[in-house]
Amino acid sequence: MKAKRNDSPLLSSLRARGQAEDLLTAWLDELTSVTVLDPACGSGNFLYIALQQLLDLWKEAKDFALAHGLAVVRHGKVSPRQLFGIETDFYAHELASMVVWIGYLQWMHQHGEPITNEPILERLDNIEKGDAILRYDEDGKPYEPTWPKADYIVGNPPFLGSRKFRSEAGDMYVDDLFPTYSGRVSQEADLVTYWFEKALAAIVSGSTSRAGLIATQAIRQGGSRSTLERVKKSTTVLLAWSNKEWTLNGAAVRIALIGFGNAYEGEQITLDGNSVNDIHSDLTTGLDLTSAKPLISNLRLAFQGPVKVGSFELEPQTAKKMLDLPRNPNGRPNSDVIRPWIIARDI
């Protein structure tokens with residue numbers, strides 16, 4: 001029986017270096033093959049940011065290898081072709097490809113990386129023009145489109161309340177959309193929830209790992225919340241910002257940002273930047289009020305209350321100033337038309 005020979009310090013060091021190089025090379029191979037889809041990409045802003053993040057990680061790995069004398073020569077390079085998009089608007093679709101490529105070239109130039117592309121700007125065929133949630137075949141029959149397979153889904157889907165569906169999209173579109181997603185998306189849900197449902201289906205099928213999407217505040221309530229309940233049943237809400245300031249077409253609005261998908265064991269869950277044990281479908285933590293039951297004493301009682309259909313809000317300072325004014329020429333005070341307005345969430 002032969003005695004086991006101890007490795008020399010040099011041999012141990014070489015073996016450790018080889019293992020480190022193999023690990024780093026494998027990670028770079030994974031990074032340069034990961035794919036990202038924005039199914040409402042507009043002119044490509046989210047894809048541009050995703051590409052910058054991938055390139056930053058690629059450079060960080062290269063710098064780490066250089067600092068530790070590791071040779072990683074068998075890896076590729078992050079490319080715009082790792083990005084996929086869907087967009088309905090013709091001009092935005094055409095612009096998206098250019099935005100991504102220009103962003104790529106800018107990053108390469110700023111970090112001193114050689115640019116070997118010929119031609120310098122290529123058409124990005126994996127950004128497709130089309131409706132992300134409903135399309136029509138040659139015979140005019142509606143169908144649910146299949147999204148490109150991607151490891152991650154990100155995006156800022158269009159904001160449109162269910163009450164405005166018909167006036168904005170048209171009767172035919174709505175009448176075809178509802179049965180297409182029957183049993184999956186409530187007819188009282190906002191438009192943005194259809195992107196959540198599609199992303200959820202991609203995660204459940206295994207074609208996508210995780211999704212991060214922007215939604216309106218209404219996704220926490222009513223028919224829209226049922227989509228998040230479906231998300232909770234099949235995946236994990238990993239992080240969320242429940243009430244964040246956002247600018248949409250120059251107007252300040254409040255939105256929710258939600259990331260969900262397959263969770264790793266022991267992974268931290270965060271809500272509004274704080275670590276929590278769980279995130280409920282109404283984007284709260286702690287006591288789950290979504291499981292509350294109706295009061296028996298309220299059976300057969302209902303009160304819808306006013307439904308605001310215009311932008312009639314006044315800033316508190318402006319309202320106070322108008323209320324403090326003397327009576328109008330008709331003898332009536334401004335308090336006749338300036339009233340406090342609250343909804344259930346305020347209570």
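A residue counts as buried when its relative accessible area is under 20% and as exposed when that value is over 50%, with partly exposed in between. By that cut-off Ser-97, at 9% relative accessibility, is buried. The structure considered here is a predicted model, and the description below moves from the overall form to the nonpolar cores and then to single residues.

**Overall form**

The protein contains eight helices and 11 strands. Its radius of gyration is 26 Å, well over the 20 Å that the globule rule gives for 347 residues, so the protein is more spread out than a compact globule. Along the principal axes, the C-alpha trace spans about 105 × 55 × 50 Å. Of the 347 residues, 37% count as buried, and the accessible surface comes to about 21700 Å², with 55% of that area belonging to carbon and sulfur atoms. Among contacts with a separation of 6 or more, 72% are made by residues 24 or more positions apart. The protein carries 37 positive and 43 negative charges, and the mean positions of these two sets are 5 Å apart.

**Nonpolar cores**

The largest nonpolar core has 44 residues, and the members that touch the most others are Ile-133, Tyr-194, Trp-195, Phe-196 and Phe-260. Both helices and strands give two or more residues to this core, among them strand 2 (83-87), helix 5 (171-180), helix 7 (222-234), strand 8 (236-248) and strand 9 (251-261). Helix 6 gives the most, with seven residues. Once residues up to four places away in sequence are set aside, Tyr-194 touches Ile-133, Phe-165, Leu-177, Phe-178, Tyr-181, Val-185 and Ser-186. A second core, separate from the one just described, consists of 27 residues and includes Val-36, Cys-41, Leu-83 and Ile-127.

**Single residues**

Ser-97 lies in helix 3, which covers residues 90-110. Leaving out residues up to four places away in sequence, Ser-97 touches Glu-122, Arg-123, Leu-124 and Ile-127, the last of which is also named as a member of the second core. Thr-235 occupies the loop between helix 7 and strand 8, and, apart from neighbours within four places in sequence, it is in contact with Leu-200, Ile-203, Phe-260 and Gly-261. Of these partners, Phe-260 is also among the residues that touch the most other members of the largest core.

The loop between strand 11 (274-276) and helix 8 (316-323) holds Leu-301, and Leu-283 is placed in the loop between strand 11 and helix 8 as well. Leu-301 counts as exposed because its relative accessibility of 59% is over the 50% cut-off, whereas Leu-283, at 2%, counts as buried. The C-alpha atom of Leu-301 is separated by 20 Å from that of Ile-342, which is 41 residues apart from Leu-301 along the chain.

The relative accessibilities of the five residues treated here are set out below.

| Residue | Relative accessibility | Class |
|---|---|---|
| Ser-97 | 9% | buried |
| Thr-235 | 10% | buried |
| Asp-272 | 36% | partly exposed |
| Leu-283 | 2% | buried |
| Leu-301 | 59% | exposed |

**Backbone angles**

Most residues other than glycine have a negative phi. Against that background, Asp-272, which is not a glycine, has a positive phi of about 55 degrees, and Leu-283 likewise has a positive phi, near 60 degrees. Asp-272 is found in the loop between strand 10 and strand 11 and counts as partly exposed, while Leu-283 counts as buried.

Definitions and conventions:
Residues are numbered from 1 along each chain as its sequence is written. This is a predicted model: local features need pLDDT of at least 70, side-chain atom pairs count only at pLDDT 80 or more; totals for chains, interfaces and linings use all residues. Side-chain values use heavy atoms; hydrogens and water are left out. Helices (H or I, at least four residues) and strands (E, at least two) are DSSP runs, numbered from the N terminus. The radius of gyration is taken over C-alpha atoms; the globule rule is 2.2 Å times the number of residues to the power 0.38. Buried means under 20% relative accessible area, exposed over 50%, partly exposed in between (1.4 Å probe, protein chains only). Contact means heavy atoms within 4.5 Å. Accessible areas come from the Shrake-Rupley method with a 1.4 Å probe; for residues, only the protein chains shown count as cover. Lys and Arg count as positive and Asp and Glu as negative; His and the chain ends are not counted. The place of a charge is taken as NZ of Lys, CZ of Arg, CG of Asp or CD of Glu. A nonpolar core is a set of buried Ala, Val, Leu, Ile, Met, Phe, Trp, Tyr and Cys residues joined through side-chain atoms within 4.5 Å.
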